[in-house]
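Subject: Structure handover

Hello,

Here is the structure for you to look through. Please open it first, then read my notes below.

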Amino acid sequence: MDKVTTTIDHAVLVNARKASRKKNLVSFLNKIKKNKAAAAGGIIILLYILMFLIGPIIAPYDPFDVQLDQKLQGPSLDHLMGTDDKGRDILSRILYGSRLSIGVGISAVLFGGTIGTILGLISGYYGKWIDSIISRILDIMLAFPGILLALAIVSALGPSLINVTIAVGFFSIPMFARIVRGSTMEVKKLEYIDAVKTLGANDMTILLKHIFPNILSPIIVQASMRLATAILSAAGLSFLGLGAQPPSPEWGAMLSNGRDFLFTAPYMALFPGIMISILVLGFNLFGDGLRDALDPRMKN
């Protein structure tokens, strides 16, 4: 009889959790819809994701095809964004380059977010000397401006997109670690964590199954905001010649190439710059909306 009761109680609890998650999801989507800026940012991100997925398929030309007889042609029906100094179609290069620029940003945030989250969980949960050591390391990392730290790392490792990803992800680590640490310290004081400990759960189970799911909201918000910074930083490093190397159609590298033709062919720098700016704006708008929707203090 006790087993049957326990099974029923477990089923009721599972159904209650599902209903709660569904309710929270609906509430979240409604808040995003009401926030026009966040909705606009979400639409921009979706359009860029679509470009990321099908850009190379719909590109009208080979982005690496050199046609010197067609170099520096302005926007026209044949080349909607014109051609560069080597006769390559700029629209095709932008469509292909979306995978590089967006991919580097996402990879950098995943890299920094994963390490930062792990450090934050350990620091916030165990505290004491472990917290002190990790906190001092994070303080040292935060003492350097992010882009300066990235420049130093790329200079040491050498110019490449992989090294740019590592560098940009590295200076994102303390941002995630600080947020996760604070959230973990709050959650571990709750009564249900003490109850789980009483039942004999080990630290790994508590961290992964009971604490981590309850601190996802600030991590998601931070990730959405850091994506804009990561993409902009990666483009900046490529602009300085430390990221993607020619003939890569990465947007920062295209912008760097176009600066030599600002007076004769301004569209070479204009279009990659616009693509970077709109994407960063989209992530910033959507990140603000996420923060407002997921922050308990914003609830009515």
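Start with one pair of helices: H6 and H10 cross in a right-handed way. Keep in mind that this is a predicted model.

Which residues make the contact? On the H6 side they are Leu161, Val164 and Val168. On the H10 side they are Ala230, Ser233, Ala234, Leu237 and Ser238.

Now the geometry. H6 covers residues 161-170, and H10 covers residues 216-239. Their axes lie 10 Å apart. The two helices pack at an angle of about 135 degrees. H6 is therefore oblique to H10, as angles over 145 would be needed for roughly antiparallel.

Next, the whole protein. How many helices and strands does it have? It has 12 helices and zero strands. From the N terminus on, every element is thus written α.

The chain has 300 residues, and 42% of them count as buried. The protein exposes about 16600 Å². Carbon and sulfur atoms supply 67% of that area. Now take the contacts with a separation of 6 or more: 72% of them join residues 24 or more positions apart.

Last, the record. An unreviewed UniProt entry lists residues 37-59, 102-125, 137-155, 161-180, 227-245 and 265-287 under "transmembrane region". I have values for two of these spans. Residues 37-59 are 96% helix and 0% strand, and their end C-alpha atoms lie 30 Å apart. Residues 265-287 are 91% helix and 0% strand, with end C-alpha atoms 35 Å apart.

Best wishes

Technical notes:
Residues are numbered from 1 along each chain as its sequence is written. This is a predicted model: local features need pLDDT of at least 70, side-chain atom pairs count only at pLDDT 80 or more; totals for chains, interfaces and linings use all residues. Side-chain values use heavy atoms; hydrogens and water are left out. Helices (H or I, at least four residues) and strands (E, at least two) are DSSP runs, numbered from the N terminus. Buried means under 20% relative accessible area, exposed over 50%, partly exposed in between (1.4 Å probe, protein chains only). Contact means heavy atoms within 4.5 Å. Accessible areas come from the Shrake-Rupley method with a 1.4 Å probe; for residues, only the protein chains shown count as cover. UniProt positions are given in the numbering used here, feature names are shortened, and annotations may be inferred rather than shown by experiment. Axes are lines fitted to C-alpha atoms, for helices over the stretch in contact, and angles run from 0 to 180 degrees between N-to-C directions. Angles under 35 degrees count as roughly parallel, over 145 as roughly antiparallel, 65 to 115 as roughly perpendicular and the rest as oblique. A crossing is left-handed if the near helix is turned anticlockwise from the far one by less than a right angle, and right-handed if clockwise.
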